[in-house]
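Me: Hey, can you walk me through this one? I'd like to start with how the chains meet.

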Amino acid sequence: MLRALAAVVVVTVGAIAAAAYFALFVVHVNEQAIVLEFGKPVRIISEPGLYWKIPVVQTVDTFDKRILDLDTAEQEVTAADQKRLKVDAFARYRIVDPLLFYQAVRDERSVRSRLGPVIESALRRVLGSATFTDLVRDKREALMKQIAKQVNEEGKEFGLEVVDVRIKRADLPDQNQKNVFDRMRAERQREAAEFRAEGTGAANRIKANADREVTIIKGDATRDAEQTRGEGDAERNRIFADAYTRDPDFFAFYRSMQAYEQGFKPGDTRMLLSPESEFFKYFTNPGSGNATGAPKR
Amino acid sequence: MPWSSQNGGGRKSGGGGGPWGQGPSGGPHQPDLEELLKRSQDRLKQVMPGGSGLPGPVLFLVAIVGCALVAFFAFTFRVNPDELGVVVRFGKPVRQEPPGLHFRLPYPIEEVRLPKVTRQNIIEVGFRSGMTSRGFPGGVSDRPEESLMLTGDENIVDVDFVVFWRIRDAQQYLFNIQNPEVTVKEVAESAMREVVGQSNIQPILTEARQKTEQAVQKLMQEVLDSYQAGIRIEEVRLQKVDPPTQVIDAFRDVQAARADRERLQNEAQAYASRVIPEARGEAERILQAARGYKEQTVAEATGQTSRFLKVLEEYKKAPDVTRKRMYLETMERVLGGTDKIIIDGKQGQGVVPFLPLDQLQKRKEGAN
């Protein structure tokens, strides 16, 4: 009897467990679900919690509610100024209308093939009307917003909300990149040459200044030196004049004597003398003592 | 009893494998638990049909212990020091638990997520610092497709950087975003390119590093916040900011040129600071020579005049005699050293004076 009761309990519990297993389902906070009744959507569940369904009759499809990734392939875009760019963008989206999403896309794996081309054409459209500098520098943020907006418009048809489209990379194609490298190299070479020229210029300026200063210093010195020498000469003249004006006649005689002595050096002078000169006065006539007197001038 | 002996053996070997196989986590208990369950079920089956063979109390005790263990693992969970326990009841997050042992309702009702909230995560952009098998830092491999980017003045710069991030809000982190790692990386690349694109190459290479880091950090944080990702960007650190390898030589040459400029100027300065003092010295020499000349001239003049004045003084006492004496003395000295030919003008009239110049010349040469 006890055994029969135990069997009943076990069967009942098992039945309840089975019913719970087939009839109850959990929707997580990062999920949303649609309940299908033989393929016909009857409920959309977007709040997390424990829910029930009719076993066998109803089935549940869950969809992610989080922000999902979509990384597009790199593609070449021509900007409005005909410059080409390799653009690699990524999108972040979430499923906001699970039913629409289910109908249009069905599952996440198909999103890439549906939304990818949308993003690519939006990129092409928006970037094609912007210039290269707009994209790289000036209006990147605005352009990304514009792309996101366009993609979002089209994404709505798939039950998607495109949160963000960002340009991850916007680089030049290899050929253009090479041109940029060449230009960069040329610019740097110019800059280097400029620095060296500046250096040479500055060095020359410094040297020239130094040389000028040297010349001035020496010139000043020479001027002062000549002045000093002149002062010396003037002083000398004054001293001589002072002394010699006391007896100009004697000075003339005295100086002449000195000059004779200096002028006729022994060995290099030969003289033709007349014995009638004053010097020989007593040479021929030793007696005429009165012959002395003032010299002939 | 075969069961008990097998049981004992199994436990022992399981315990022995512990230190090698798995760490001190709850892991190794799992198989034991299942085993225990199975065994207790088996035992129940054995007990139920009539209780033959085994002593009842031992089996009962084993069953109790087994149930207790099952209950323990079903109703508790463990949070490690670097984790946060997020408890989800029927899909709804209901509470968060700090490290330690905590109560929970068993599986279908409550689930636990354990994000590592204290860990600082690193994302490398532009390079991969691969670790070797033994854990030492291995070779760094460059990723030019990630690191080459355009600057605002249409140059290209090679930027490697790392991003440090941490979970700020575990709930947002777990339930709002699908691939946090990938998202952080893509946002980092996008933000860095945006910031670099707004600047010219020169500041990026030199003084604007910190500004770039801060701008990227701010931009990344804004974007991630707009996703409600529950991630905090702690730091953006530029590792290497260089011109691309294709043109780095030219950039290095600019540095060299800068150094050359300095060097040329310094050399010129050195020249200037050498020649100017030299010139000052030379000037001083010239001036001193002039002063010497002046003093010498004056001294000589003074000497000569004072000699003259002395002579004059004596001369005035006896002018005629002195004059004659001086004349004769002078002539004596002058004529004493010279060759002399005396021609009597009266007697020698008509005789042409013959000057043997060649002989004179010879004598002169002989004298020399």
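**Where the chains meet**

Reply: Sure. Keep in mind that this is a predicted model. The contact takes 91 residues from chain B and 88 residues from chain A.

Me: Which element gives the most to chain B's side?

Reply: That's H9(B), with 38 residues on the side of chain B that touches chain A. Other elements giving two or more residues there include strand E3 (92–97), helix H6 (180–197) and helix H8 (209–226) of chain B.

Me: And how many of the residues on that side are nonpolar, polar or charged?

Reply: On chain B's side you get 49 nonpolar, 21 polar and 21 charged residues.

Me: Do the strands get involved too? What does E12(B) pair with?

Reply: E12(B) pairs with strand E10 (residues 270–273) of chain A, in the parallel sense, over four bridges. Within that strand of chain B, Ile342(B) stands opposite Leu273(A).

Me: Switching topic: which residues touch the most other members in the largest nonpolar core?

Reply: Met192(B) and Met220(B) do, in a core of 78 residues. The element that gives the most to this core is helix H3 (residues 111–128) of chain A, with eight residues.

Me: What does Met192(B) touch?

Reply: Leaving out residues up to four places away in sequence, Met192(B) touches Val125(B), Met149(B), Val159(B), Phe161(B) and Val216(B).

Me: Last thing, what pLDDT does chain A average?

Reply: Chain A averages 86, and 94% of its residues score at least 70. Over residues 289–297 of chain A, though, the pLDDT is below 50, and that stretch has five contacts in the model beyond near neighbours in sequence.

Definitions and conventions. Residues are numbered from 1 along each chain as its sequence is written. Chains are lettered from A and ligands numbered from 1 in the order in which they are written. This is a predicted model: local features need pLDDT of at least 70, side-chain atom pairs count only at pLDDT 80 or more; totals for chains, interfaces and linings use all residues. A nonpolar core is a set of buried Ala, Val, Leu, Ile, Met, Phe, Trp, Tyr and Cys residues joined through C-beta atoms within 7 Å. A residue is buried if 20 or more other C-beta atoms lie within 10 Å of its own, exposed if 12 or fewer, and partly exposed in between; C-beta atoms are placed from the backbone. Two residues are in contact if their C-beta atoms, placed from the backbone, lie within 7 Å. Ala, Val, Leu, Ile, Met, Phe, Trp, Tyr, Cys and Pro count as nonpolar, Asp, Glu, Lys and Arg as charged, and the others, Gly among them, as polar. Two strands pair if DSSP finds at least two bridges between them. pLDDT is the predictor's confidence in each residue, from 0 to 100.
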